[in-house]
Amino acid sequence: MSGFSPSRIDARAGVPLTVRLVNKDSRFHTDGGGWHQFAVDELGVDAKVAPLGTDEITITPDSSGTYEFYCGVCCGGRENPYMVGTLTVGTPA
Ligand SMILES: [Cu+2]
């Protein structure tokens, strides 16, 4: 709930990017039951991580640009100013 760390991720088009998700929230968090999400709409990414759980996803963005990742599960969902971040995808090397 206190946000993504880091809140900025750099990647390169055509190069696989692995994101390890660590959810430090417990199930006793009443809002959303402690679940959190890592979603990037434009890239079709939607990973939900259980309370105190971890997950690892690999995405290969195929076009450069700046994308927003967010959690839509907890307080305020996408409107929560803390649970968003920026994924910057550079041009292919
Ligand atoms: Cu969240």
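**Entry 1: the hairpin**

I began with the turn that joins E3 and E4, and I noted that these strands form a hairpin with four residues between them, where Gly44 in the turn has a positive phi of about 70°. I keep in mind throughout that this is a predicted model. Looking at how the strands run, I found that strand E3, residues 36–40, and E4 pair in the antiparallel sense over five bridges. To fix the register for myself, I looked up Ala39, and its bridge partner in E4 is Asp46.

I then turned to E4 itself, which covers residues 45–49, and asked which residues make up its covered face and which its uncovered one. The covered face consists of Val45, Ala47 and Val49, whereas Asp46 and Lys48 are on the uncovered face. Asp46, the partner of Ala39, is therefore a residue of the uncovered face of E4, since the two faces are made up as just listed.

**Entry 2: the copper ion**

Next I looked up what holds the copper ion, and I found that His36 coordinates it through ND1, while Cys71 and Cys74 each do so through SG, at 1.8 to 2.4 Å. Written as a pattern in sequence, the spacing of these donor residues is H-x34-C-x2-C. The pair of His36 and Cys71 links distant parts of the chain, with His36 in strand E3 and Cys71 in the loop between strand E6 (65–70) and strand E7 (84–90), 35 residues apart.

Are these two donors buried or exposed? His36 has a relative accessibility of 8% and so counts as buried, the cut-off for that being under 20%. Cys71 has 0% and so counts as buried as well.

**Entry 3: around His36**

I stayed with His36, which lies in strand E3, to see what surrounds this residue. Its side chain is joined to that of Asp25 by a polar contact of 2.8 Å. Leaving out residues up to four places away in sequence, I noted that His36 touches Met1, Asn23, Asp25, Ala47, Lys48, Val49, Cys71, Val73, Cys74 and Met83. Among them are Ala47 and Val49, which belong to the covered face of E4, and the two cysteines Cys71 and Cys74, which also coordinate the copper ion.

**Entry 4: Gly65**

I looked up Gly65 as well, and its place is in strand E6. Gly65 has a relative accessible area of 25% and so is partly exposed. Apart from neighbours within four places in sequence, Gly65 is in contact with Leu87, Thr88 and Val89. I also checked Thr91, which is 26 residues from Gly65 along the chain, and the C-alpha atoms of these two residues are separated by 8.3 Å.

**Entry 5: the whole chain**

Finally I stepped back to the chain, where I counted seven strands and zero helices, in the pattern β-β-β-β-β-β-β along the sequence. The radius of gyration is 13 Å, close to the 12 Å that the globule rule gives for 93 residues, so the chain is as compact as a globular protein of that length. Taken along the principal axes, the C-alpha atoms fill a box of roughly 45 × 25 × 20 Å.

Of the 93 residues, 35% are buried. The accessible surface is about 5400 Å², and 49% of this belongs to carbon and sulfur atoms. Among contacts between residues at least 6 apart in sequence, I noted that 65% join residues at least 24 apart.

Notes. Residues are numbered from 1 along each chain as its sequence is written. This is a predicted model: local features need pLDDT of at least 70, side-chain atom pairs count only at pLDDT 80 or more; totals for chains, interfaces and linings use all residues. Side-chain values use heavy atoms; hydrogens and water are left out. Buried means under 20% relative accessible area, exposed over 50%, partly exposed in between (1.4 Å probe, protein chains only). Two strands pair if DSSP finds at least two bridges between them. Donors are N, O and S atoms within 2.8 Å of the metal (3.2 Å for Na, K and Ca); water is not among the atoms, so sites may look incomplete. The radius of gyration is taken over C-alpha atoms; the globule rule is 2.2 Å times the number of residues to the power 0.38. Contact means heavy atoms within 4.5 Å. Accessible areas come from the Shrake-Rupley method with a 1.4 Å probe; for residues, only the protein chains shown count as cover. A polar contact is a pair of N or O atoms within 3.5 Å; within protein, one must be able to donate a hydrogen and the other to accept it, and residues adjacent in sequence count only if both atoms are side-chain atoms.
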